[in-house]
Amino acid sequence: MAVHPVHEALTTQYVKHLLKIKARQLLRRPEFRGAESSDVQQELAVHILAQAHHFDPARGATVTFIARVVDSAAALMCRERSCLKRGTALRVRSLEAPLPSDEGRQ
């Protein structure tokens, strides 16, 4: 059984280096505070594997496809982490604490 070209390319030094660089860039952002580089690299690799079925060798090289997927995955990861619905920008407060507008009235 033949190995998919994208799966095979994941083990190359170029792709490993690309994932390491992109993870380092992402870890500088506040959305990724506390994340580990290896976790970010693994999440990027999962995105590559999820999109591997879209690869068409007639349209371009494997590494070009992987570079585009990594760029879009990084943008998506930043968007997911900064989304207000995910609560990353919200502070945790006690339900019994007064509201900010009530604090000055007492």
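Q: How much area does the protein chain expose, and what share of it do carbon and sulfur atoms supply?
A: The protein chain exposes about 8000 Å², and 54% of that comes from carbon and sulfur atoms. Such areas are calculated by the Shrake-Rupley method with a 1.4 Å probe, and for residues only the protein chains shown count as cover. This is a predicted model, in which local features need pLDDT of at least 70 and side-chain atom pairs count only at pLDDT 80 or more, while totals for chains, interfaces and linings use all residues. Residues are numbered from 1 along each chain as its sequence is written, and side-chain values use heavy atoms, with hydrogens and water left out.

Q: What makes up the secondary structure of the protein chain?
A: The protein chain has four helices and zero strands, and its elements run α-α-α-α from the N terminus on. Both kinds of element are DSSP runs numbered from the N terminus: helices are H or I with at least four residues, strands E with at least two.

Q: Why is Thr-62 counted as buried or exposed?
A: Thr-62 has 18% relative accessibility and therefore counts as buried; the cut-off is under 20%, with exposed over 50% and partly exposed in between (1.4 Å probe, protein chains only). Buried residues make up 25% of the 106 residues in the protein chain.

Q: Where is Thr-62, and what does Thr-62 touch?
A: Thr-62 lies in helix H4. Leaving aside residues up to four places away in sequence, Thr-62 touches Pro-5, Val-6, Ala-9 and Phe-55, where contact means heavy atoms within 4.5 Å. Pro-5 is 57 residues from Thr-62 in sequence, yet their C-alpha atoms are 6.9 Å apart. Among contacts in the protein chain between residues at least 6 apart in sequence, 58% join residues at least 24 apart.

Q: What makes H3 and H4 parallel or oblique to each other?
A: Helix H3 (residues 37-51) and helix H4 (residues 62-82) pack at about 120°, with axes 9 Å apart. The axes are lines fitted to C-alpha atoms over the stretch in contact, and the angle, from 0 to 180 degrees, is taken between N-to-C directions. Under 35 degrees is roughly parallel, over 145 roughly antiparallel, 65 to 115 roughly perpendicular, and the rest oblique. H3 and H4 are therefore oblique.

Q: Which residues of H3 and H4 make the contact?
A: H3 supplies Val-40, Glu-43, Leu-44, His-47, Ile-48 and Gln-51, while those of H4 include Phe-65, Ile-66, Val-69, Val-70 and Arg-81. The residues divide into 11 nonpolar, two polar and two charged. Ala, Val, Leu, Ile, Met, Phe, Trp, Tyr, Cys and Pro count as nonpolar, Asp, Glu, Lys and Arg as charged, and the others, Gly among them, as polar.

Q: How do H2 and H3 pack?
A: Helix H2 (residues 13-27) and H3 have axes 9 Å apart, at an angle of about 120°. That makes H2 oblique to H3. Among the residues in contact are Leu-19, Ala-23 and Leu-27 of H2 and Ser-37, Gln-41 and Ala-45 of H3. By class, this contact has eight nonpolar, two polar and two charged residues.

Q: Why are H2 and H4 called parallel or oblique?
A: The angle between H2 and H4 is about 20°, and their axes are 11 Å apart. H2 and H4 are therefore roughly parallel. Tyr-14, Val-15 and Leu-18 are among the H2 residues that meet H4, where the partners include Val-63, Ala-67 and Cys-78. The contact of H2 with H4 divides into 12 nonpolar, no polar and two charged residues.
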